Amino acid sequence: MPSPVITLEEEDTMRELLIVFQDGFEEANITVMVNGKEVRRDVGVTTNPLLGEAFETSVELPAKGAQVGVEVTNRGLKAITKVSGKPKSLLVSIQDDKLVMREGTGREAFM
């Protein structure tokens, strides 16, 4: 039986990353960047205290990995993290006036 052939196109496919904005957001203006390029901007984002979540979004990443940056422009907060492999999700929150990002399980999404 012949071995499967992997084409260059399959190696270069994009991957989707779920970003979940959780606690600490109040009328926040958020910019999301992938490899330094703006991919999303949202204004007036506020955490729902009952859910512990402000909102969630998906962005596309190159299959070989990327740097994902989040900036809360009206509070002067910014964080960048390197994402490689097959990331599940990225959890973002504001804690003690700092933007905190950590990898999630991918099961944080609401139905």
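This report describes the salt bridges of a predicted model, followed by the surroundings of Asp 42 and the position of Gly 36.

## Salt bridges overall

Three salt bridges turn up when the whole structure is searched. The pairs are Glu 38 with Arg 41, Asp 42 with Arg 40, and Asp 97 with Arg 75.

## Glu 38 and Arg 41

In the salt bridge between Glu 38 and Arg 41, the closest N and O atoms are 2.7 Å apart. Glu 38 has a relative accessible area of 40%, so this residue is partly exposed. Arg 41 has a relative accessibility of 55% and therefore counts as exposed.

## Asp 42 and its surroundings

Asp 42 belongs to strand 3, which covers residues 37-45. The salt bridge partner of Asp 42 is Arg 40, with 2.6 Å between the closest N and O atoms. The side chains of these two residues are also joined by a polar contact of 2.6 Å.

Is Asp 42 buried or exposed? Its relative accessibility is 15%, and the limit for buried is under 20%, so Asp 42 counts as buried. Arg 40, at 30% relative accessibility, counts as partly exposed. Leaving aside residues up to four places away in sequence, Asp 42 touches Ala 28, Asn 29, Ile 30 and Phe 55.

## Asp 97 and Arg 75

The third pair to describe joins the side chains of Asp 97 and Arg 75 in a salt bridge, at 2.8 Å from N to O. Which parts of the chain does this pair tie together? Asp 97 lies in the loop between strand 7 (89-95) and strand 8 (98-104), while Arg 75 lies in the loop between strand 5 (66-72) and strand 6 (77-83), so the salt bridge links parts that are 22 residues apart in sequence.

The accessibility of each partner can be added. Asp 97 counts as exposed, with a relative accessibility of 58%. Arg 75 has a relative accessible area of 35% and is partly exposed.

## Gly 36

Gly 36 is located in the loop between strand 2 (28-34) and strand 3. With 69% relative accessibility, Gly 36 counts as exposed, whereas Asp 42 in strand 3 counts as buried at 15%.

How many residues separate Gly 36 from Ala 66 in sequence? The two are 30 residues apart along the chain, and their C-alpha atoms lie 9.5 Å apart in space.

Conventions. Residues are numbered from 1 along each chain as its sequence is written. This is a predicted model: local features need pLDDT of at least 70, side-chain atom pairs count only at pLDDT 80 or more; totals for chains, interfaces and linings use all residues. Side-chain values use heavy atoms; hydrogens and water are left out. A salt bridge is a side-chain nitrogen of Lys or Arg within 4 Å of a carboxyl oxygen of Asp or Glu. Buried means under 20% relative accessible area, exposed over 50%, partly exposed in between (1.4 Å probe, protein chains only). Helices (H or I, at least four residues) and strands (E, at least two) are DSSP runs, numbered from the N terminus. A polar contact is a pair of N or O atoms within 3.5 Å; within protein, one must be able to donate a hydrogen and the other to accept it, and residues adjacent in sequence count only if both atoms are side-chain atoms. Contact means heavy atoms within 4.5 Å.
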